[in-house]
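Student: I would like a close look at one part of this protein. Please take me through it step by step, then outward to its surroundings.

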Amino acid sequence: MHFIDEAAITVRAGDGGRGCSSFRREKFVPRGGPDGGNGGNGGSVLLKVSPHLSTLLDFRYKRIFKAKRGQHGMGKKMHGKNASDLVIPVPPGTLVYDDETGVLLADLTKPEATLVAASGGRGGRGNAVFVSSIRQAPDRADPGKPGGERRLRLSLKLIANIGLVGLPNAGKSTLLSRISRARPKIADYPFTTLSPVLGVVLHRDEEFVVADLPGLIEGAHLGAGLGHRFLKHAERTEGLVHVLDASHPPEKIAEAFRIVHDEMERFRPAIARRPTLLAFNKTDLTGARESGEKARALLNFPEGDAYYISAATGRGIQALLDGLLKLRKTRASDAG
Ligand SMILES: Nc1nc2c(ncn2[C@@H]2O[C@H](COP(=O)(O)OP(=O)(O)O)[C@@H](O)[C@H]2O)c(=O)[nH]1
Ligand SMILES: [Mg+2]
């Protein structure tokens, strides 16, 4: 079971520029030879993998993509310029289907993988090219060829890049709402709960998906016993944020960490061993930050991996997101 993110878009390549019909005009030459240049080629529409994207969310805001037409040909044998291609970035793993035929056009998974989704029209020929021994003064020029147009369906298996864990009431839902730019639109979404379980974070031009893992499991429980499969999904996350309610005394915070961690160790060791950041939450409350710091010391957790935040006010959130970018980068370079 995977979450599937989907989008339908229309791509339209640019038309070719018109060929020009023109005759040389100079002093003392009443009617010179044909000198109309060719039209430029229209731009194509390309889909290209970008490692900075993780969802098809952008396609909710923009659904029609048009490349420019080629420049028309001009007199004095000047050709119109070719229009540049329109490159649409898509996340790695995007499957591209022709929406009318249902045919799979491309699996854009490899870095830099590219699909020419619609080809630009060729520019028309100007009358200068139609000169022959028997046609000294053709006034024929071609129109540009129309650019291709297609409706595409994009489909992506959504992977939760980062998982949130923590006891109930730690602030996971609040944190997820605060950091999410939006919720991905996903097929087979079995949840009707009001709180988000998946969110898309956009931070410093990096997009990634964050999942509230206990939230997912609860929701799945309500659905059709899908919890097990969600946990399988969670094993592929790059890292965890363990959210802790720092308004409690230090011993209790450390205990909360151990309860959740031990349970993961027991039932899902692969998840438990994911690189983890601690987020001591509710530091807007008096004494919470100090409590969190003491709990960190009790847990012997590296200082650099502990963040003191308030999901309610937003304090410390940017630093936490920076920490997540760093964690993701480290993971990516480990894997490569
Ligand atoms: N003071 C304060 N309260 C918070 C903060 N984050 C969450 N809460 C509150 O803590 C309670 C539990 O939060 P929730 O996000 O539902 O926790 P979850 O069970 O881990 O998803 C709610 O009443 C929140 O309003 C915070 O940063 N500061
Ligand atoms: Mg919740």
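In which strand does Y308 lie?

Tutor: Y308 lies in strand β15. Keep in mind that this is a predicted model. We start at this residue and work outward.

**Y308 and its contacts**

Y308 counts as buried because it has 21 C-beta neighbours inside 10 Å. The cut-off for a buried residue is 20 or more. Set aside the neighbours within four places in sequence. Y308 is then in contact with F280, T283, R289, G292 and G316. One of these, G292, is itself among the buried residues of α7. Further along the chain is A319, 11 residues from Y308 in sequence. The C-alpha atoms of Y308 and A319 are 9.1 Å apart.

**Helix α7**

The contact with G292 leads to helix α7, residues 288-299. Its 12 residues should span 16 Å at 1.5 Å a residue, and the end C-alpha atoms are 16 Å apart, so the two agree. The buried residues of α7 are A288, S291, G292, A295 and R296. Seen down the axis of α7, these residues fall within an arc of 140°, so they line one face of the helix. The spacing has a simple background. An α-helix has 3.6 residues a turn, so residues three or four places apart point the same way.

What lies over that face? The cover on the buried residues of α7 includes β13 (239-245), α5 (250-267), β14 (276-281) and β15 (306-308). Strand β15, the home of Y308, is thus part of this cover. After α7 comes N300, with a positive phi near 60°.

**Helix α5**

Next, take α5 from that cover. Its 18 residues should span 26 Å at 1.5 Å a residue; the end C-alpha atoms are 26 Å apart, so expectation and model agree. Buried in α5 are I253, A254, A256, F257, V260 and M264. Down the axis of α5, they fall within an arc of 155°, so they too line one face of their helix. On the other side of α5, the exposed residues are E251, I259, D262, E263, R266 and F267. The buried residues of α5 pack against β9, β13, α6 (269-272) and α7. Strand β13 therefore appears in both lists: it helps cover α7, and it packs against α5.

**From β9 to β12**

Strand β9, residues 162-165, takes us further out. It runs parallel to β12, and 3 bridges join the two. One link is L164, whose bridge partner in β12 is D212. Strand β12 spans residues 206-212 and is mostly covered, with 5 of its 7 residues buried. Strand β11, residues 198-203, also pairs with β12. These two run antiparallel and are joined by 6 bridges. Here G199 has V210 of β12 as its bridge partner. The hairpin of β11 and β12 has 2 residues between the strands. R204 in this hairpin takes a positive phi near 50°.

**Helix α2 and ligand 1**

Now turn to the ligand. The shell around ligand 1 holds 15 residues, and G171, K172, S173, T174 and A312 come nearest. Helix α2 (residues 172-179) gives the most to this shell, with 3 residues. By class, the shell has 5 nonpolar, 7 polar and 3 charged residues. In α2, the buried residues are K172, S173, L175, L176 and I179. Seen down the axis of α2, they fall within an arc of 160°, so they line one face of the helix. K172 and S173 are among the residues that come nearest to ligand 1, and both are buried in α2.

**A second buried residue, for reference**

L47 sits in strand β2, residues 45-49. It counts as buried because it has 26 C-beta neighbours inside 10 Å. Beyond four places in sequence, its contacts are I88, V90, V96, L108, T114, L115 and A117. A113 is 66 residues from L47 along the chain, yet their C-alpha atoms are separated by 8.3 Å.

**The whole chain**

Finally, the wider setting. The protein has 8 helices and 15 strands. Of its 336 residues, 44% are buried. Among contacts between residues at least 6 apart in sequence, 76% join residues at least 24 apart.

Terms used: Residues are numbered from 1 along each chain as its sequence is written. Chains are lettered from A and ligands numbered from 1 in the order in which they are written. This is a predicted model: local features need pLDDT of at least 70, side-chain atom pairs count only at pLDDT 80 or more; totals for chains, interfaces and linings use all residues. A residue is near a molecule or strand if its C-beta atom, placed from the backbone, lies within 6 Å of it. Helices (H or I, at least four residues) and strands (E, at least two) are DSSP runs, numbered from the N terminus. Ala, Val, Leu, Ile, Met, Phe, Trp, Tyr, Cys and Pro count as nonpolar, Asp, Glu, Lys and Arg as charged, and the others, Gly among them, as polar. The expected span of a helix is 1.5 Å times one less than its number of residues. A residue is buried if 20 or more other C-beta atoms lie within 10 Å of its own, exposed if 12 or fewer, and partly exposed in between; C-beta atoms are placed from the backbone. The arc is that of the directions from the helix axis to the C-beta atoms. Two residues are in contact if their C-beta atoms, placed from the backbone, lie within 7 Å. Two strands pair if DSSP finds at least two bridges between them.
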